[in-house]
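Here is a short tour for anyone meeting this structure for the first time. Take a look at the model, then read on.

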Amino acid sequence: MKIRVDRDACIGAGQCALVAGSIFDQDDDGLVVLLTDTPSDEYVAFARKAATLCPAKAIALEE
Amino acid sequence: MMSVEEPGLLIVGASLAGLTCAQSLRAEGYTKKITLIGAEKHLPYNRPPLSKQVLSGKWNAAQTNIDSAEKFTELELDFLIDDEAIELNVGLQEITTKKHTLKYEELIIATGASVRRLPGTESMNRVHVLRTIDDALGLREALVGIKSAVVVGAGVLGSEVISALSEYGIHATVIDRMDAPQLPLTGGHFASRVNKFFLEHGVVTKYGVEIVSVSEKESGITIDLSDGSKVSGEVAVVAIGCIPNVDWLANSGLDISNGVLCDSNGLAAPHIYAVGDVARWHNPVTGKSLRLENQTSAIEQGLAVGKFIATGQSSAPTHPFFWSEIFGNKILMLGSLDAQIPLTIVHGSPSDNRFVAATIREGITTGIVGWNMPREFRQSRSMMEA
Ligand SMILES: Cc1cc2nc3c(=O)[nH]c(=O)nc-3n(C[C@H](O)[C@H](O)[C@H](O)COP(=O)(O)OP(=O)(O)OC[C@H]3O[C@@H](n4cnc5c(N)ncnc54)[C@H](O)[C@@H]3O)c2cc1C
Ligand code: SF4
């Protein structure tokens with residue numbers, strides 16, 4: 001799986017970092033920062049959860 | 001293969017709540033047929049950017065799409081766009097649309113809300129509303145080259161429109177029957193702060209007034225107010241809230257007073273659920289049944305209903321969340337601030353216009369706001385779990 005984030009869409013809600021802190025972080029402006037764009041298998045479910053919960057729909061997953 | 005006779009599950013309303021519910025059903029292992037019906041001609045899109053990135057001209061329409069067409073194929077949905085449900089027959093477990101009659105085993109109502117219009121202005125070309133992508137593109141076009149506009153409603157949407165107008169250098173007048181701007185869930189704590197932004201940007205404010213009449217001429221719109229004054233602008237934007245889309249449920253027997261009343265699992269009646277802006281869920285923690293008109297609630301309700309139908313498991317109630325960007329200020333709000341309680345400043349300082357603040361009632365945090373401090377806001381969210 002490959003993760004893409006759209007920092008123009010991100011509103012800094014931090015849902016992603018709350019549910020998948022090993023994949024997503026926020027910079028000083030609160031905008032999403034990817035720690036990895038290819039999560040290992042055990043983290044794929046967390047990436048999915050983050051993408052669903054992101055209120056700005058700023059996270060896209062390519063399987 | 002699924003059998004053709006099996007009616008499966010029907011989702012009415014193809015926007016954020018309905019689509020999230022479909023995703024959740026599949027993620028939780030639901031294998032029966034899912035049919036998604038939407039009245040709009042577009043693939044599901046996000047509304048928040050309409051008043052922000054789209055109105056200000058930074059984004060085109062395609063950038064608001066929630067998912068690509070391939071993602072819908074992966075979900076194995078029967079997706080009927082540009083069709084509208086017009087009647088629900090609970091006894092027959094059947095809905096009638098403009099084009100079809102469809103049976104269901106489970107029904108998800110996700111028809112959202114429509115804008116409230118000013119009576120008498122429905123056919124006026126210079127009076128705009130903002131709910132759909134077409135509204136947003138139409139308004140953006142109408143703003144080209146104009147110098148003045150009237151905004152009716154100083155809520156969060158009106159405030160976002162005013163800040164877009166100011167970016168375009170358009171002079172704005174705002175009218176509201178309340179005596180200050182209102183941001184949802186904030187208990188009025190930031191009314192004077194938002195008003196100050198208006199005044200700093202040269203916005204003329206008319207609070208505590210009712211609209212007596214609206215007239216349209218070739219040159220613009222004139223509105224007569226209850227205090228005897230008149231305001232005018234080349235266009236008017238009406239942002240006075242939304243009405244849940246429940247007309248098609250009028251004969252269903254469901255309780256549709258201010259949205260479809262549901263229990264805390266989203267169940268409105270046996271085999272019938274509602275999610276998103278159209279739904280009024282019971283919250284067992286607060287004891288209240290409220291319609292929550294925001295993205296996060298639409299997502300969380302869609303997820304919860306998908307899981308409940310697929311697995312029988314309930315989800316814990318969550319706190320409402322909204323965000324806004326007004327005159328460049330990034331506002332994040334979780335839970336709700338108590339109007340009666342002074343703010344506790346958790347980080348930063350209000351005088352620097354960067355802070356995280358909360359209201360705490362008898363040791364319990366009722367709400368947290370992040371004002372230009374998203375990182376610290378996220379770190380403070382745990383206060384709500386205490
Ligand atoms: C301009 C704007 C800015 C916003 N900004 C924010 C923000 O910053 N943050 C935030 O949290 N929220 C914001 N919101 C609110 C957020 O967009 C909504 O909460 C969210 O869209 C709700 O999703 P929904 O799926 O419940 O309803 P909707 O998005 O309203 O979708 C309902 C869908 O059902 C369709 N439909 C209706 N009736 C029928 C029928 N009879 N048959 C078939 N289909 C039907 C409609 O055409 C529509 O496509 C904003 C809304 C607007 C309009
Ligand atoms: S959840 Fe979405 S909006 Fe929030 S920080 Fe992450 S990417 Fe940005």
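## Where two domains meet

Domain 1 and domain 2 of chain B bury about 1,500 Å² between them, and carbon and sulfur atoms give 60% of that area. Buried area here is the accessible area (1.4 Å probe) that two parts lose on being put together, summed over both. On the domain 1 side of chain B, B:Leu50, B:Ser51 and B:Leu55 lose the most area to domain 2, together 37% of what that side buries.

The C-alpha centres of these two domains of chain B lie 31 Å apart. Their contact (heavy atoms within 4.5 Å) takes 17 residues from domain 1 and 16 residues from domain 2 of chain B. An automatic or database domain assignment sets the bounds in chain B: domain 1 (2-114 + 243-311), domain 2 (117-240) and domain 3 (337-385).

## About the model

This is a predicted model, where local features need pLDDT of at least 70 and side-chain atom pairs pLDDT 80 or more, while totals for chains, interfaces and linings use all residues. Residues are numbered from 1 along each chain as its sequence is written, chains are lettered from A and ligands numbered from 1 in the order written, and side-chain values use heavy atoms, leaving out hydrogens and water.

## Around ligand 1

Ligand 1 is surrounded by 31 residues (a heavy atom within 4 Å), with B:Glu40, B:Arg47, B:Lys52, B:Arg131 and B:Asp277 the closest. Both domain 1 and domain 2 of chain B supply at least three residues each to this shell.

A polar side-chain atom of B:Glu40 lies 2.5 Å from an oxygen atom of ligand 1.

Definitions and conventions: A polar contact is a pair of N or O atoms within 3.5 Å; within protein, one must be able to donate a hydrogen and the other to accept it, and residues adjacent in sequence count only if both atoms are side-chain atoms.
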